[in-house]
Amino acid sequence: MAQEVRGVIAPGKNEPVRVETIVVPDPGPGEAVVKIQACGVCHTDLHYKQGGINDDFPFLLGHEASGIVESVGDGVTDVAPGDFVILNWRAVCGQCRACLRGRPWYCFNTHNAKQKMTLKDGTELSPALGIGAFAEKTLVAAGQCTKVDPAVSPAVAGLLGCGVMAGIGAAINTGNVGRGDSVAVIGCGGVGNAAIAGARLAGAAKIIAVDIDDRKLTTASKLGATHTVNSSSTDPVEAIQELTGGFGADVVIDAVGRPETYKQAFYARDLAGTVVLVGVPTPEMKLELPLIDVFGRGGALKSSWYGDCLPSRDFPMLIDLHLQGRLDLGAFVTETIALDGIEAAFERMHHGDVLRSVVVL
């Protein structure tokens, strides 16, 4: 039987979000209803609100979440009611050309729930990234639920659902950071600082954090940065080269996603080094580079979607590392808020006052 719960919707482009009653149907085949315990306020949710993703309003926001499986539909075997799960937006299909080639982290046909959640008047909602977790309960494809150790705090666990996983994965999975490498990260918000934590986990010898905000650089140092550069007063390319013996870093991660920062990343890497773009650009942005430099510097230019993660592999591993005290996921939680505090949280995010605000239900 369908349930009525509270959820946060974005009714139209740049309109304030509001708490509404939403209707969550019973799970159909391959689906699950999850009772949400915590959900991070991610910049992607703000993009949805601003119309930067598409114009399929109204949106049910929220996607960086953890909770308890309440019920499952027919054919679901990987999770069961009572399981503590992190929600993910890459539910791999197992059948597309990427999956069949053994590269499921590139899955081209990820699953979402087929049924729609609605407002009380029947208006269909578009769940952010197929999740819609700024709600007391949400309906997802069962493959979007990844079981992890329930000993972890829900507010911490949910962060792996998007931003923290994107950053850690950009370093470990996409950038292939190895022992003794030098790494530079441009942009030290939630994703950038997670990339720093990932580089530290991978054994990087030198980790250079670049940002224009000293508050973020302080956090970067706590998460593993060995050097910091305030690029509002120092040329970051020159600084990174100087800190790496004049050569540039083995891996440079652009966690901002602007043409200016990408050029900095490109020229701040060593010959045959790797650039990883994990910051999300907007559609109108253009990049111009001398083709001879692209050829002459060699190496790899990569983009990183969701940290090239495989949730079933990466989420439990990172939660275990956190519980062992080897990965401080709690450092990313700046504050916990209620459902009605999300609009204010967007403002704090815009001004750079938080790494993550987390809704706790």
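The exercises below concern two residues and one helix pair in a predicted model.

**Exercise 1.** Determine whether S182 is buried or exposed, and which residues distant in sequence it contacts.

Solution.
- Step 1: Locate the residue. S182 belongs to strand β11, which covers residues 182-186.
- Step 2: Apply the cut-off. Buried means under 20% relative accessible area. S182 has a relative accessibility of 10%, so S182 is buried.
- Step 3: List the contacts, setting aside neighbours within four places in sequence. S182 then touches K206, T244, G248, A249, D250 and V251.

**Exercise 2.** Describe the surroundings of G163 and state how far G163 is from A151 in sequence and in space.

Solution.
- Step 1: G163 is in helix α4, residues 163-174.
- Step 2: Its relative accessibility is 3%, and therefore G163 counts as buried.
- Step 3: Without residues up to four places away in sequence, the contacts of G163 are E64, V191, A194 and R356.
- Step 4: Between G163 and A151 the separation is 12 residues in sequence, and the C-alpha to C-alpha distance is 21 Å.

**Exercise 3.** Classify the packing of α4 against α10 and sort the residues of the contact by character.

Solution.
- Step 1: Helix α10 spans residues 311-323, and its axis lies 12 Å from that of α4, at an angle of about 105°.
- Step 2: Angles of 65 to 115 degrees count as roughly perpendicular, so α4 is roughly perpendicular to α10.
- Step 3: On the α4 side the contact is made by M165, I168 and N173, and on the α10 side by R313, D314, F315 and L318.
- Step 4: By character, these residues are 4 nonpolar, 1 polar and 2 charged.

Notes. Residues numbered from 1 in each chain as written. Predicted model: local features only at pLDDT ≥ 70, side-chain atom pairs only at ≥ 80, totals over all residues. Heavy atoms only, no water. Helix = DSSP H or I, 4+ residues; strand = E, 2+ residues; numbered from the N terminus. Buried < 20%, exposed > 50% of the residue type's maximum accessible area, 1.4 Å probe, protein only. Contact = heavy atoms within 4.5 Å. Axes fitted to C-alpha atoms, helices over the stretch in contact; angles between N-to-C directions. Parallel < 35°, antiparallel > 145°, perpendicular 65-115°, else oblique. Nonpolar A, V, L, I, M, F, W, Y, C, P; charged D, E, K, R; others polar.
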